[in-house]
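Mentor: Have a look at the model first, then fire away with your questions. We'll go through it one piece at a time.

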Amino acid sequence: MNRAAGAATDRQRIVFASGNAGKAREIEAMLGDHYDVILQGDLGIEPVAETGTTFEANSLLKAEHAARQSGLPALADDSGIEVDALDGAPGVYSARYAGIGASDTANLQKLLDVMQNVPADRRGARFRCVLTFMRHADDNAPLVVEGIWEGRIALAPCGDGGFGYDPIFIDAVSGVVSAAMPAAEKNARSHRGKALRELQRLLAAAA
Ligand code: IMP
């Protein structure tokens, strides 16, 4: 991540519309070779209120705000975890599941508590991510892509990597907890990795 926001570079500068350090690390690891990814906070841009009721609406809100405030192309991520036994909750409210400003630990602990009596065969869940890329704030054809990662909710936290709900999310294919995966393996399987690869395909096709 280029934290010296004014540094000169040949790569295209884009602003990432998030204050979530975990997401930013993943985006930088996947885009860093081709783009100079600048965090909106490093440009003094305050986060916009996430008033949407869908991942897509919030992702658009964030991208438009960051593009308008920065004058740069903007990338936004809105993501969360959907639990089958909870009819898709916490979904778009994942970041504030245990209350506004709640920590990752408080959010995942609330989910474990709510799921306490749910048996192993009913603990299905998925991460969902919607990425929006806007070339400028008035871009009326933003690129919007979605990625989904299927898995299930563990009985207890495990692993010390990742962020957010990673310690309690078990990948459906490998049976490995997300927080115990090396970063590259998570990026290869995750909702964000899938969405980003699709976005890169669209950007390449449009170039
Ligand atoms: P947002 O920043 O408003 O989009 O909120 C995203 C919420 O989903 C936060 O609680 C994140 O911790 C969680 N989340 C999104 N992606 C991931 C992930 O890859 N691993 C773990 N938690 C995630």
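**Reading the model**

Trainee: Which residues does I168 touch, not counting residues up to four places away in sequence?
Mentor: Touching means contact, that is, heavy atoms within 4.5 Å. Leave out anything up to four places away in sequence, and the partners of I168 are L108, L111, L112, R152, I153, A154, A156, P157 and V177.

Trainee: What kind of model is this?
Mentor: Residues are numbered from 1 along each chain as its sequence is written, and side-chain values use heavy atoms, with hydrogens and water left out. Local features need pLDDT of at least 70, side-chain atom pairs count only at pLDDT 80 or more, totals for chains, interfaces and linings use all residues, and the model itself is predicted.

Trainee: Which residues of the largest nonpolar core touch the most other members?
Mentor: A nonpolar core is a set of buried Ala, Val, Leu, Ile, Met, Phe, Trp, Tyr and Cys residues joined through side-chain atoms within 4.5 Å. Buried means under 20% relative accessible area, exposed means over 50%, and partly exposed is in between (1.4 Å probe, protein chains only). The largest core has 21 residues, and those touching the most other members are I81, V83, L111, M115, I153, Y165 and I168.

Trainee: Which element gives the most to this core?
Mentor: Helices are DSSP runs of H or I with at least four residues, strands are runs of E with at least two, and both are numbered from the N terminus. At least two residues each come from β3, α3 (104-114), β4, β5 (143-153) and β6 (169-171). With three residues, the top giver is α3.

Trainee: How many residues are in the second, separate core?
Mentor: In soluble globular proteins, nonpolar side chains tend to be buried together. Here a second core, separate from the largest, includes A24, M30, L31 and F133, and its size is 19 residues.

Trainee: What should helix α2 span at 1.5 Å a residue?
Mentor: The expected span is 1.5 Å times one less than the number of residues. Helix α2 covers residues 55-70, which is 16 residues, and its end C-alpha atoms are 22 Å apart. That agrees with the expected span, which is 22 Å.

Trainee: What do the buried residues of α2 pack against?
Mentor: The buried ones are F55, N58, S59, K62, A63, H65, A66 and A67. They pack against β1 (12-16), α1 (21-31), β3 (74-83) and β4 (124-134).

Trainee: Is A17 buried or exposed?
Mentor: A17 sits in the loop between β1 and α1. It touches Q40, K62, A63, A66, L75 and A76, leaving aside residues up to four places away in sequence. Because its relative accessibility is 2%, A17 counts as buried.

Trainee: And D87, is it buried or exposed?
Mentor: D87 lies in the loop between β3 and α3. Its phi is near 55°, a positive value in a residue other than glycine. Its relative accessibility is 77%, so D87 counts as exposed.

Trainee: Which residues does a cis peptide bond join?
Mentor: Most residues other than glycine have a negative phi, and most peptide bonds are trans. In the loop between β3 and α3 we find P90. Omega is about 0° at the cis bond, which joins A89 and P90.

Trainee: Which backbone oxygen does the side chain of N107 reach?
Mentor: N107 is in helix α3, and it is buried, with a relative accessible area of 2%. A polar contact is a pair of N or O atoms within 3.5 Å; within protein, one must be able to donate a hydrogen and the other to accept it, and residues adjacent in sequence count only if both atoms are side-chain atoms. At 3.1 Å, the N107 side chain reaches the backbone oxygen of A95.

Trainee: How far is a nitrogen atom of the ligand from an N or O atom in the side chain of R192?
Mentor: The ligand is surrounded by 17 residues (a heavy atom within 4 Å), and the closest are K23, D166, K186, H191 and R192. A polar side-chain atom of D166 lies 2.8 Å from a ligand nitrogen. For the side chain of R192, the distance is 2.7 Å.

Trainee: How much of the ligand's area does the protein bury?
Mentor: Accessible areas come from the Shrake-Rupley method with a 1.4 Å probe; for residues, only the protein chains shown count as cover. Taken alone, the ligand exposes 490 Å², and the part of that buried by the protein is 95%.
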